[in-house]
Amino acid sequence: MAETMENKDKKFVKEIADINDNFAQWYTDVVLKTELVDYGPVKGTMVIRPYGYAVWENIQREMDARFKAIGVKNAYFPLLIPMSFFTKEAEHVEGFAPEVAVVTHAGGAKLEEPLAIRPTSETIIGTMYAKWIQSYRDLPVLINQWCNVMRWEKTTRPFLRTSEFLWQEGHTVHATAEEAMEETMLMLAEYKKFAEEVLAIPVLCGKKTEKEKFAGAEATFGMEAMMIDGKSLQAGTSHYFGQNFSKAFEIKYLDKDGTLKYGYTSSWGTSTRMIGAVIMAHGDERGLVFPPKIAPVQVIIVPVAAHKGGVNEKCAELSEKLKAAGVRVETDDRDMSPGRKFNEWEMKGVPVRIEIGPRDIENGVCAICRRDTFGKAEVPLDRAIEKIKELLSEIQANMLEKSRARRDKKIVEAESLDGILKGVEGQNFVKAGWCGCRECEDKVKETAQATARIMCDEEGVPERCAICGKPAKHKVIFARAY
RNA sequence: CGGGGUGUAGCGCAGUUGGUAGCGCGCUUGGUUCGGGACCAAGAGGUCGUGGGUUCAAAUCCCGUCACUCCGACCA
């Protein structure tokens, strides 16, 4: 009996690759088998299926509410951008040129000027801002758009890197450098809060190196999340542009003192990549684990022996009560064995499962199982609603704690190149001193296949560069990255 | 763009020295079941990625080609 169970478990685990053995394969399996996404007909594109899209909708709703609360307004700008717009900012065009997809024909004829499919919207939004902004009274401008963008990447992976992806991009203009920088840091902080409170992923924030910063930015700040395999994933960025874009696009305003000045701009973005981050930060050998706040289904009710009287009625009753309490609940009334349903919903990452059978009804209880710890408890039916609401927030909190504990164990310090190599080979984030030169950064890339993720100077800069031994200017987190 | 791997039913695969296309899961129908992947019976489902060649005969041998996938360089 025990042996059969074990075999069945093995068979189940085999459906999705071994998480420790082949993480990349596990990831691909899990996003396909849980019906989050499918591959699109054009290589590098993904079809986001309803179950996956629901996650994105939840992310959008939660994040949008936070934007609104700090005065950001939503707008929409065109998909197609005249190519000439890109050439206005030298670094920007150089950075994006290789991955821009271009429309050359329309209406059955060759276009006078080719049109870029937006890889990001600084250029077109900058152009419009130049028209809209006249006076210091028009500032600040805080606009966000939810849209798709396209970047022709060489290798792709669902959610993490696809040719087309969904994101939000915020674009702001300010009167002064201080204000623009303040906005840049504010949004980074908002992203960090969002990642931790909603996605239950602890993140490290900091400034990007010159090599890693956004094309055209004066400074880029990012948040980095650690995946189960110790690799880093950039989950959001916030850029300070200074006057680079305002000068290129003539974003000028008349100040109180009567002089014409260039504005200072910032932009910030997060994408469907966050869904990938959630999968890779919380998943386990049984599949997905969604934090309750973004789970498409928060509670799945599985009737047991539904043909017996009263079971379906009890399930419907509980479901209605949960819905009324604002819980995203579904009942799985398919005609198949319950064990099978348990496994399917576990793979799909539903945080809470409720089992109701004749025995429970007799005793006036239901069985409640949580996905994060596999804990199982019997709860009186009349107290089920409050218990489940409690449990959902407990799971949300526990998931953050758990991933924070896992991550913190995997942050190490190194004082040599060899130390960095050993650190990343052990699937760690490695903190090390850095002199600030590009050569040392490249050397780490070559020998350890790791990149400088962010700088965290506020923690105190080590005395010497771990690579060349010269005096260090920064404290950097090195890691392998997605 | 370099290096490896795979293309046979919806999914996972087998197919020996060339000789009528197979298995498991899933799917359909009927019945018995139902507290961790149920069982019995009867079914449906394939131009073997694709083009050419060798042969009486090719999933199988030869040449080309395409797609997918994993690992590197580029990137949210």
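Two strands count as paired if DSSP finds at least two bridges between them. Keep that rule in mind as you explore this predicted model, because β8 and strand β14 (residues 264-271) meet it with eight bridges, pairing in the antiparallel sense. Chain A as a whole holds 15 helices and 23 strands, so there is plenty to look at, and the points below pick out a few places to start.

**The whole chain**

- Chain A has 482 residues, and a compact globule of that length would have a radius of gyration near 23 Å; the value for chain A is 25 Å, which agrees.
- Along its principal axes, the C-alpha trace spans about 80 × 55 × 50 Å.
- Of the 482 residues, 43% count as buried.
- Take the contacts between residues at least 6 apart in sequence: 67% of them join residues at least 24 apart.

**Strand β8 and its partners**

- Strand β8 covers residues 164-174 and is mostly covered, with eight of its 11 residues buried.
- Strand β7 (residues 141-150) runs antiparallel to β8, and 10 bridges join the two.
- To find one of these bridges, look for W146, whose partner in β8 is Q168.
- For the pairing with β14, look for T172, which stands opposite S266.

**A three-stranded sheet**

- Another place to visit is an open sheet of three strands in the order β4-β6-β5, with antiparallel pairing.
- β4 (80-82) and β5 (102-106) stand at the edges with a single partner strand each, so one side of each has no neighbour in the sheet.
- Neighbouring strands here are turned by 50° against each other on average, direction ignored.
- Three bridges link β4 to strand β6 (residues 109-117), and P82 has L115 in β6 as its bridge partner.
- As a general reminder, the strands of a sheet pair through backbone hydrogen bonds, either parallel or antiparallel.

**Nonpolar cores**

- The largest nonpolar core has 93 residues, of which L199, A225, A277, V278, I420 and F478 touch the most other members.
- Setting aside neighbours within four places in sequence, L199 is in contact with F194, M274, A277, V278, P291 and I294.
- There is also a second, separate core of 22 residues, which includes I81, F96, F241 and I251.

**Helix α13**

- Helix α13 (residues 384-408) has 25 residues, which at 1.5 Å a residue should span 36 Å; its end C-alpha atoms are 35 Å apart, so the two values agree.
- Its buried residues include A384, I388, L391 and L392, and also Q396, S403 and R407.

Note on methods:
Residues are numbered from 1 along each chain as its sequence is written. Chains are lettered from A and ligands numbered from 1 in the order in which they are written. This is a predicted model: local features need pLDDT of at least 70, side-chain atom pairs count only at pLDDT 80 or more; totals for chains, interfaces and linings use all residues. Helices (H or I, at least four residues) and strands (E, at least two) are DSSP runs, numbered from the N terminus. Axes are lines fitted to C-alpha atoms, for helices over the stretch in contact, and angles run from 0 to 180 degrees between N-to-C directions. A nonpolar core is a set of buried Ala, Val, Leu, Ile, Met, Phe, Trp, Tyr and Cys residues joined through C-beta atoms within 7 Å. A residue is buried if 20 or more other C-beta atoms lie within 10 Å of its own, exposed if 12 or fewer, and partly exposed in between; C-beta atoms are placed from the backbone. Two residues are in contact if their C-beta atoms, placed from the backbone, lie within 7 Å. The expected span of a helix is 1.5 Å times one less than its number of residues. The radius of gyration is taken over C-alpha atoms; the globule rule is 2.2 Å times the number of residues to the power 0.38.
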